[in-house]
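User: I've got a model open and I'd like to learn how to read it feature by feature. Could you walk me through it?

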Amino acid sequence: MVVKVIELVGTSSHNWTDAVDNAVMEASRSIDDILGVEVTNFTANIDNGHIAEYKADVKVAFKVSH
């Protein structure tokens with residue numbers, strides 16, 4: 001088996017978990033056989049002293065089909 005890894009940034013206005021979920025859900029729309037995800041970083045955009053957007057940098061691993 002060959003596995004490919006891509007890097008994505010997921011976003012959410014609610015929390016970092018949703019940001020990760022959004023990245024994986026979006027990837028699954030065009031990628032089959034997703035095997036796992038590694039979260040590499042959490043960041044956020046701030047507006048008026050409050051978090052306005054949560055961001056999660058993720059690596060998504062999937063099986064390469066021939």
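Analyst: We'll go from the overall fold to the core, the surface and a few single residues. Keep in mind that this is a predicted model.

User: Let's begin with the fold. In what order do the elements of the protein run from the N terminus on?

Analyst: The order is β-α-β-β, which adds up to one helix and three strands. The C-alpha trace spans about 50 × 20 × 10 Å along its principal axes. For a feel of how the chain is wired, look at contacts between residues at least 6 apart in sequence: 61% of them join residues at least 24 apart.

User: And how much of the protein counts as buried?

Analyst: Of its 66 residues, 20% do. The accessible surface comes to about 4,600 Å², and carbon and sulfur atoms own 48% of that.

User: How should I read a nonpolar core? Which residues make up the largest one here?

Analyst: The general idea first: in soluble globular proteins, nonpolar side chains tend to be buried together. In this model the largest nonpolar core has six residues, namely A19, V20, A23, A56, V58 and V60. Helix α1 (16-28) and strand β3 (50-63) each supply at least two of these core residues. To see the packing around one member, pick A23: leaving out residues up to four places away in sequence, A23 touches L8, G10 and V58.

User: What about nonpolar side chains on the surface? Which residues form the nonpolar patch?

Analyst: Colour W16, V39, F42, I46 and I51 and you'll have the patch, with about 430 Å² of accessible area together. Strand β2 (residues 34-47) is the biggest contributor, giving three residues. I51 sits in strand β3.

User: Is I51 buried, partly exposed or exposed, and why?

Analyst: I51 counts as partly exposed because its relative accessible area is 35%, and the partly exposed class lies between the 20% and 50% cut-offs.

User: Now the aromatics. How many aromatic pairs does a search of the whole structure find?

Analyst: Two. One of them is W16 with Y54, an edge-to-face pair at 4.8 Å centre to centre with 85° between the planes. That pair ties together distant parts of the chain, as W16 is in helix α1 and Y54 is in strand β3, 38 residues apart. Zooming out a little, W16, F42 and Y54 form one aromatic cluster.

User: How do W16 and Y54 compare in burial: which is buried and which is partly exposed?

Analyst: W16 is partly exposed, with a relative accessible area of 30%. Y54 is at 15%, so it counts as buried; the cut-off for that is under 20%.

User: I also clicked on A44. Which residues is A44 in contact with, leaving aside its neighbours within four places in sequence?

Analyst: On that count, A44 contacts W16, I51, E53, Y54 and K55. So you'll meet patch member I51 again, along with both partners of the edge-to-face pair, W16 and Y54. A44 itself is in strand β2 and is partly exposed at 29% relative accessibility. For a sense of scale, A44 and E26 are 18 residues apart in sequence and 19 Å apart in space, C-alpha to C-alpha.

User: On to charges. Which side chains meet in a salt bridge?

Analyst: Those of R29 and E26, at 3.2 Å from N to O. A search of the whole structure finds one salt bridge. R29 counts as exposed because its relative accessibility is 68%, whereas E26 is partly exposed at 48%.

User: Last one: backbone angles. Which residue in the loop between α1 and β2 has a positive phi although it is not a glycine?

Analyst: That's D33, with a phi of about 60°. D33 lies in the loop between α1 and β2 and is partly exposed, at 39% relative accessibility. N48 is another non-glycine with a positive phi, about 55°. You'll find N48 in the loop between β2 and β3, and it counts as exposed because its relative accessible area is 73%.

Key: Residues numbered from 1 in each chain as written. Predicted model: local features only at pLDDT ≥ 70, side-chain atom pairs only at ≥ 80, totals over all residues. Heavy atoms only, no water. Core = buried A, V, L, I, M, F, W, Y, C linked by side-chain atoms within 4.5 Å. Buried < 20%, exposed > 50% of the residue type's maximum accessible area, 1.4 Å probe, protein only. Helix = DSSP H or I, 4+ residues; strand = E, 2+ residues; numbered from the N terminus. Contact = heavy atoms within 4.5 Å. Patch = residues over 30% accessible without salt bridge, like charges linked within 9 Å, V, L, I, M, F, W, Y side chains within 5 Å. Areas by Shrake-Rupley, 256 points an atom, 1.4 Å probe, with all protein chains shown as cover. Salt bridge = Lys/Arg side-chain N within 4 Å of Asp/Glu carboxyl O. Phe/Tyr/Trp six-rings, centres within 6.5 Å; stacked < 30°, edge-to-face > 60°.
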